[in-house]
Structures are given as structure tokens and as C-alpha cells.
Amino acid sequence: MRPQFLLKMKHLKQQLNDGVRDALKTLSFPDKPFTISPSKNPDFGDLSTNVALILTKDLKRAPIQIAEEISGILNQQLSKHIDSISVTPPGFINFTLSPSFYQSNIQNILNAGEDFGRSSIGKGKTANVEFVSANPTGPLTVGHGRQAVLGDSVASILEWNSFNVTREYYYNDAGRQMRILGQSVEARYFEALGKEFEFPEDGYQGDYIIDIAQSIIKNYGKGLNSGDKRFRETVEIVIFSDIKNTLSELGIIHDQFSNEKSFYDNGAIDQLLSDLKAKELIYESDGATWLKTSALGKDQDRVYIKSSGEPTYRLPDTAYHRNKVERNFDEIIDIFGADHADTYPDVLAALDALDVPVDHIRVLIHQFVTLLRDGEKVKMSTRKANFVTLEDLVKEVGKDVVRYFFIMRNMSSHLDFDLDLAADQSDKNPVFYLQYAHARIANIIKHGESLGHSFSQEFDPTLISEKEEFTLIKHLMRFPELSEQLYESLEPQMLATYLQELAAHFHKFYGKCKVITDDSALTQSRLALITCAKLVLSNGLHILGISTPDRM
RNA sequence: GCCCCGGUAGCUCAGUUGGAUAGAGCAUCUGCCUUCUAAGCAGAGGGUCACAGGUUCGAAUCCUGUCCGGGGUACCA
């Protein structure tokens, strides 16, 4: 095979764009922004531009006429990669690309291999992704699962775009919740010893609290007094260990844990308060300390320190975010549930008032998970111990299903998690459709090897000619652009949708075209093609943290 | 009351920057395994894109209003 110039889709689009703009200049048409996008319908070629439609108003002429004129110019300078140009109502100009363009891109994908689709947007840059951030008051629930998987996938998307990513977990360990948690354990401790005890109002009622009380008896004996620090310390250690274990079963490992307490200890919170005071944004009222958010364009002021002397979460959260900014990440991503949607603007406003840069902070808000069991909603509360743990779910349906379930929906949509469907009909979970495509390819390659058809990288791309083959290549070639879109949106669901389509194109190809045949030249070409498909499936599933089985 | 998110096929949801005939999966029907994995493929039925206006050459997509669901509006996190 002769070496040939390998033109990527991105560059071809740029060429077309330049060509159209030259044509506009030739025709003395105004230069307005237009798009060149994949055609929805194969009848309209491979790429289409709306440039004529955009110009119709300025030129006060029918768009179809404008399109004809532009395409007339373009036709005189056809690139070798363009087979034909057509105009269709209401005024689209369609480009049909040459088969050789697609065929040659098979080599492109093979050359890039595991890096195919990777972008260099974040090369030399750092990003911090904060997610989960559940306080250690109980096991992670299915509700936390969405954020855990979402956050980890977002972090992977950034890594795929060449960022050096820190996965971070922040928790509040100085507030009221943790105090009540300690008191709950203490109560269970004395209860177990048959002594008098008082279970706190709003205490944590889960059985795990009783287990922890038992472990304290075992480790520290029966002589602890009320208020002993070890009640709280132990419960935090035990629960955190459980949380980390659950996350690791999902393939999620945080690089850094940050806690509220450290910002009291190192003076960051005092510093923040005095800096805000210097800006006259702090005042006392009704025994509490307030942040004057109304002076920062908000509806109302917010309490920073309660009259009880305990700060609200806003104060340490703001100190924490200042700390993150000071750590000089190029991008800071916060992943919060919908219940936090109203709080982060106050944090950002306070930092902005102190001239702390916040433009590189992106806050992603995801909606809640509604659990369905027997077709009915399950209300969850950690405090009332009415929840389904994430760990139980992972044990029941497996990591891959759980991960896929949580990112297959747009994060701004509510997610219905049907426990019965996930558990009983997991065979039908769409994730298997993707993995099956990967396993099928692996099997074909293996089958080929057993018959002496080892893929050699020496293949004739022009033997690729079936419609299903081109559909598959075209889809594979979209992956680099998709990767950049993933960076823009930080929406893993887009990748899930793309991979579903890719698997569908592969399964259709499989139904139509046999790979391993007596025709060894064709066999090599098709092995090249399915190797590309396997690469992209693998790269995509890897970003989502889903395994790529060779057998199913 | 006010703020945020959502409303697309019987169900769960895609739909890129506003683009051409609104798509998948599940469920319901009809075909396809002597041939690389049938966890698959081919086909059928199924729609007032919540409703009403507006902007535009063009609206599921943008704007306004109404209705419905979720969340927030705490000196809870």
C-alpha cells in the first residue's frame, strides 16, 4: 500500500469552511457565521452547510438561489475528497465525501490507537473535581451514587482531554450533624451496657450505629464516660472506611480528602471573616453573624455563624473554595446535588467580593434520583435509616450496570432508578449491548487468529465498500470531535448515547458483513475496521469506568 | 409568593449551535441461528414535542405567560 496523505475530519471541515468563505468573497456576499455539520439524512450527502439560509435576509433573495450560486463556485474547485455538491430545499448545500477519504481514515484511527479521540485541550493544565462530599454520618446511598459516578466520569473526561486531574472529597466534620452522630453512638453504647441513656432528638437511627457502639465496647471497654471523644472519632473512622470501600468497589478513588475542621485549625476561617469584615460585609444581628449578601446582588443576607456559636456550612465552604483557588488549578469543578443549587452563588459572590478569581470554577448541578420499588417511590433519609445503600446495589447488579445507569441520563433530568428493573432484568440493561459489541469483536479477532488470519496492519482500505462499513467508519471518525464536546459540556451522558449508536452500527455491520472469510485480502481490511471499532468502544467505556469484556 | 430543574411514543429517555421527514430502548406484534457470540439483526404499530402566544426564512430547541412534577427559599448539610 502506498503511503497516502491522511486527512482528518476536522481538517476537511476547515478546508470546506475556507472554501465557502472564499466563495462568499468572490460573490461579494457578506461574511456571516455559518455551520458545517453532518447531514441527518444520507440523501443529503455527508456534510451540509446552512450558509445560504443565513444570508437570505441580508441579500433579500430566495435561499435556494443563493445556495446555487455558492455551490457553482465551489464546484469549480472541488477537493479530491469531495465527490459531489448538491443543493436541496430550503437552501442547504450538501457535500458528499469520497469513499477514499473514509477508507484512509481507518489507518488514522489505527495509528492513534488508544489515544484516538484524545484531545490536547488540557495539556499542561490542572483540574480539580470535587464530588461525593457526603458527610460521614452513614453509608452511601443510591442517591449518592449518581454524584459519585457522575463526578468520576467528569474527571475522566477531563483526563481524556489531557488535564492533570485531582479527584477531591470535601466533608464537614465540625458541625452539628457530626455532633449528633457522636451522641447517637454514645446513646447506643450506654444502651448496650444496660445503663441509662438519652437518645438525641434527630439522632441517627440506623443499625450501623449499634454496630459501631458494639465495636467501641470491644476496643475500648465498658468504662467510657459521657462526652468521651472516642465516640465521635470512632464513628467517623468506621463510616469513612465504609464509604471509601463502597467507592472503590465502583472503581472510584479520590486523590485528596479535605475537611472543614482543618480550615478552623489553620486559621483560614478567621482570615476569611476578617477579610470580609474589612470589606464591611459582615455584621452582627440577633446574636448571629451575618454575611451581607444583599450587598452582593442577592435577595437576602445569610447567617454565617449561628447564635449558638456554630457556623453554618457557608462559612467553611467559602474558606474551602478560597483554598482551592489558591491551589492554582486551571479548572475547578464542583458537583452538587439540586439541593445545593441555591447556596453556591453565595460562596462565589463572597470570593468575588474579595477579588478571589472565580471564573474558572464550573458548578455542575445534578437532579435527584428517585428510587422505585414495586413501582412506588422510596423516600430516603440517612437519619431515619430508610435507604438503600450503594454497596448493596453494587453487589446486586455489579459495577458496570450501576455506573451506566447513573450516567445514561442527562444530569439536569431527574433519574428514576427502578430497583426491580436493575435487579431482575439486568440482562436487558443497555450497558450489555455495548459490552456485547466489544466481546463480539474480540471473538471475531480470536476466531480469525485460529484460522491463521492475524491482523497484520497490511490491508487494502479500498476493499471497504459496503454501506454498513461506511456508516461505521463515519461514526468512528466523529469521536475526536465528540471528545471536545464532552469537555465543553462535561456531560457523560453524551458519551453513553454515542457509544450506543456505535454499538448499533457495529451490530448492523456484523449482520451484513462477514469478517473472517476465504478472501484473505478482504478479511484483513475488515479486521482493520473492526479493530478500529474495538478501539473506540474501549476508549469510550474506559472513560465511563465500565469494563470491556472479551467474552460474554 | 419568589428562584432553579424538568414535561418529547403505553413506560424510561435521546435530540449538538435554532435546520430538512422528531429518534432509541423497554413493552406489543411479524420474520431471521447447518454460516465469526441470537445479550444480536430485519420489519410493523405507536406523537397535539404539556398548553397558549411571540421572535425567525425555519422552533422540541430561543422569549413571555399558564398548567403539572421535583428541588430550594432554615441560625439543616
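**Exercise 1. Place Asn539 in the structure and decide whether Asn539 is buried or exposed.**

Step 1. Find the element. Asn539 sits in helix H20. Helices (H or I, at least four residues) and strands (E, at least two) are DSSP runs, numbered from the N terminus.

Step 2. Check the accessibility. The model is predicted: local features need pLDDT of at least 70, side-chain atom pairs count only at pLDDT 80 or more, and totals for chains, interfaces and linings use all residues. Residues are numbered from 1 along each chain as its sequence is written, chains are lettered from A and ligands numbered from 1 in the order in which they are written, and side-chain values use heavy atoms, with hydrogens and water left out. Asn539 has 6% relative accessibility, so Asn539 counts as buried. Buried means under 20% relative accessible area, exposed over 50%, partly exposed in between (1.4 Å probe, protein chains only).

Step 3. List the partners. Leaving out residues up to four places away in sequence, Asn539 touches Gly113, Glu114, Phe116, Trp160 and Phe479. Contact means heavy atoms within 4.5 Å.

**Exercise 2. Describe the largest nonpolar core and name the helix with the largest share of it.**

Step 1. Recall the rule. A nonpolar core is a set of buried Ala, Val, Leu, Ile, Met, Phe, Trp, Tyr and Cys residues joined through side-chain atoms within 4.5 Å. In soluble globular proteins, nonpolar side chains tend to be buried together.

Step 2. Read the size. The largest core has 138 residues. Ile70, Phe95, Leu158 and Phe417 have the most contacts inside it.

Step 3. Find the main contributor. Helix H20 (residues 520-544) gives twelve residues, the largest share.

Step 4. Follow one member. Beyond its neighbours within four places in sequence, Leu158 is in contact with Ala127, Val129, Phe163, Val165, Ile333, Tyr487 and Leu490.

Step 5. Look for another core. One of 28 residues lies apart, and Tyr304, Ile332, Leu348 and Ala350 are among its members.

**Exercise 3. Explain why the buried residues of H2 lie on the same side of the helix.**

Step 1. Name them. In helix H2 (residues 51-59), the buried residues are Val51, Ala52, Leu55 and Leu59.

Step 2. Use the arc. These residues cover an arc of only 75 degrees around the axis, which puts them on the same side of H2. The arc is that of the directions from the helix axis to the C-beta atoms. An α-helix has 3.6 residues a turn, so residues three or four places apart point the same way.

Step 3. Find the cover. The elements over these buried residues include H1, strand S2 (47-49), helix H3 (63-75) and strand S4 (92-97).

**Exercise 4. Describe the largest cavity: its volume, its lining and the element that supplies most.**

Step 1. Recall the rule. On a 1 Å grid over the protein atoms alone, a cavity is a set of points where a 1.4 Å probe fits but cannot get out; lining residues have an atom within 4 Å of a point. Grid points are joined across faces, edges and corners, and a volume is the space filled by probe spheres set on the points.

Step 2. Take the volume. The largest cavity holds about 70 Å³ of space.

Step 3. List the lining. It consists of Asp317, His321, Asp334, Phe336, His340, Thr343, Tyr344, Val347, Leu348 and Val363.

Step 4. Assign the elements. Helix H11 (314-326), strand S11 (331-337) and helix H12 (344-353) each supply at least two lining residues. H12 gives three, the largest share.

**Exercise 5. Compare Leu354 with Asp355: which is buried and which is exposed?**

Step 1. Place both. Leu354 is in the loop between H12 and strand S12 (361-366). Asp355 is also found in the loop between H12 and S12.

Step 2. Apply the cut-offs. Leu354 has a relative accessible area of 12% and is buried. Asp355, at 63%, counts as exposed.

Step 3. Add contacts. Not counting residues up to four places away in sequence, Leu354 touches Leu272, Asp275, Leu276, Lys279 and Arg322.

Step 4. Check the backbone. Phi of Asp355 is positive, near 60 degrees. Most residues other than glycine have a negative phi, and most peptide bonds are trans.

**Exercise 6. Which bond joins Pro89 and Pro90, and where is Pro90?**

Step 1. Read omega. The angle is about 5 degrees, and the peptide bond between Pro89 and Pro90 is cis.

Step 2. Locate the residue. Pro90 lies in the loop between strand S3 (82-88) and S4.

Notes: 1 Å grid on protein atoms, 1.4 Å probe; cavity = no way out; pocket = protein on both sides within 12 Å on 5 of 7 lines; lining within 4 Å.
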